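Me: I'd like to go through this one label by label and ask what backs each of them. Can you keep the cut-offs in view as we go?

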Protein chains: 2
Amino acid sequence: MKIAHLFENAFKDNAPSITVVHESEFVKVLNFNFKAGQGLPLHSHNIEGELVLTILEGQGEFLSTDGKVPAKPGDTLICPIATRHGVGAVTDLRVLVTIAPPI
Amino acid sequence: MKIAHLFENAFKDNAPSITVVHESEFVKVLNFNFKAGQGLPLHSHNIEGELVLTILEGQGEFLSTDGKVPAKPGDTLICPIATRHGVGAVTDLRVLVTIAPPI
């Protein structure tokens, strides 16, 4: 059993801050912290599996090929990893990223 | 692609409120909302896989065979599903539960 305190993870001025919280044969758990204005542009990975993005703190946007939708705490995006997706931070933004099976 | 707004999910007076956010061959995503004083006592499932519990809102406790530890937003517990685990709500508590592979 492991307990992580994600809100202790820092932000970085020049790029998103990425913390690997957990990695196993079953699942990969990451914490992305984006300063306001940072983000991950639309991208995808040509592999099998799914991605779960949950906003933990802050205001942002989920990006898809359909455009942008506002994202606030508790909002959760789920999609195949092979589907183009992205995130943008309007304010400083903490995001939980879960990938199963892990990549 | 699916977007869920977990903070719109209700609480229930008489029992934890459980919402299935997503279920696929890869992962199961649930949202448990506990009113203050509610919880899930120590339990386990005798199957393979891992569990990720993340506090989205409120104050609570993670339970293990070692006892209780305080749990606040951003705190994340990761363990095999076969390891005894539980959650208690000190205030109204929103928890994201991810299980991979799904049960």
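Reply: Sure, burial first: buried means under 20% relative accessible area, exposed means over 50%, and partly exposed is in between, with a 1.4 Å probe and protein chains only. This is a predicted model, where local features need pLDDT of at least 70 and side-chain atom pairs count only at pLDDT 80 or more, while totals for chains, interfaces and linings use all residues. Residues are numbered from 1 along each chain as its sequence is written, chains are lettered from A and ligands numbered from 1 in the order in which they are written, and side-chain values use heavy atoms, with hydrogens and water left out.

Me: Why is B:Lys28 called buried?

Reply: Its relative accessible area is 15%, and the label needs a value under 20%, so B:Lys28 is buried.

Me: What makes B:Lys28 and B:Glu23 a salt bridge?

Reply: The rule asks for a side-chain nitrogen of Lys or Arg within 4 Å of a carboxyl oxygen of Asp or Glu. Here the closest N and O atoms are 3.6 Å apart, so the pair qualifies. B:Glu23 has 48% relative accessibility, so that residue counts as partly exposed. As background, side chains of opposite charge can pair when their charged atoms come close.

Me: How do you know that A:Lys68 and A:Glu61 form a salt bridge?

Reply: Their closest N and O atoms are 3.9 Å apart, and the limit is 4 Å, so the pair counts. A:Lys68 is exposed at 59%, whereas A:Glu61 is partly exposed at 24%.

Me: What makes the salt bridge of A:Glu57 and A:Arg94 a tie between separate parts of the chain?

Reply: The N to O distance is 2.9 Å. A:Glu57 lies in strand β5 (residues 50–57) of chain A and A:Arg94 in strand β10 (residues 93–100), so the pair links parts that are 37 residues apart in sequence. Strands (E, at least two residues), like helices (H or I, at least four), are DSSP runs numbered from the N terminus. A:Arg94 is buried at 9%, while A:Glu57 is partly exposed at 34%.

Me: How many salt bridges does the rule find over all chains, and how many across the interface of chain A and chain B?

Reply: The count is 10 over all chains, and 0 across the interface.

Me: What makes up the interface of chain A and chain B, then?

Reply: 38 residues of chain A are in contact (heavy atoms within 4.5 Å) with 38 residues of chain B. Buried area is the accessible area, with a 1.4 Å probe, that two parts lose on being put together, summed over both. By that reckoning it is about 3000 Å², and carbon and sulfur atoms give 70% of it. On the chain A side, A:Met1, A:Phe26 and A:Ile78 lose the most area, together 23% of what that side buries.

Me: What makes the set around A:Val29 and B:Val29 a nonpolar core?

Reply: Such a core is a set of buried Ala, Val, Leu, Ile, Met, Phe, Trp, Tyr and Cys residues joined through side-chain atoms within 4.5 Å. The largest one has 22 residues, and A:Val29 and B:Val29 have the most contacts inside it. β5 and β10 of chain A, along with β5 (50–57) and β10 (93–100) of chain B, each supply at least two of its residues. Beyond its neighbours within four places in sequence, B:Val29 is in contact with residues including A:Val52, A:Ile78 and B:Leu96. In soluble globular proteins, nonpolar side chains tend to be buried together.

Me: Why is B:Asp13 called exposed?

Reply: B:Asp13 has a relative accessible area of 70%, and the label needs over 50%, so it is exposed. B:Asp13 is in the loop between β1 (2–5) and β2 (17–23) of chain B. Aside from neighbours within four places in sequence, B:Asp13 is in contact with B:Lys35 and B:Gln38.

Me: Why is B:Gly39 called partly exposed?

Reply: Its 28% falls between the two cut-offs, so B:Gly39 is neither buried nor exposed. B:Gly39 lies in strand β4 (residues 39–43) of chain B. Not counting residues up to four places away in sequence, B:Gly39 touches B:Pro16, B:Phe34, B:Val87 and B:Gly88.

Me: Which peptide bonds into proline are cis?

Reply: Among them are A:Ala100 to A:Pro101, with omega near -10°, and B:Ala100 to B:Pro101, with omega about -10°. A:Pro101 lies in the segment after β10 of chain A, and B:Pro101 in the segment after β10 of chain B.
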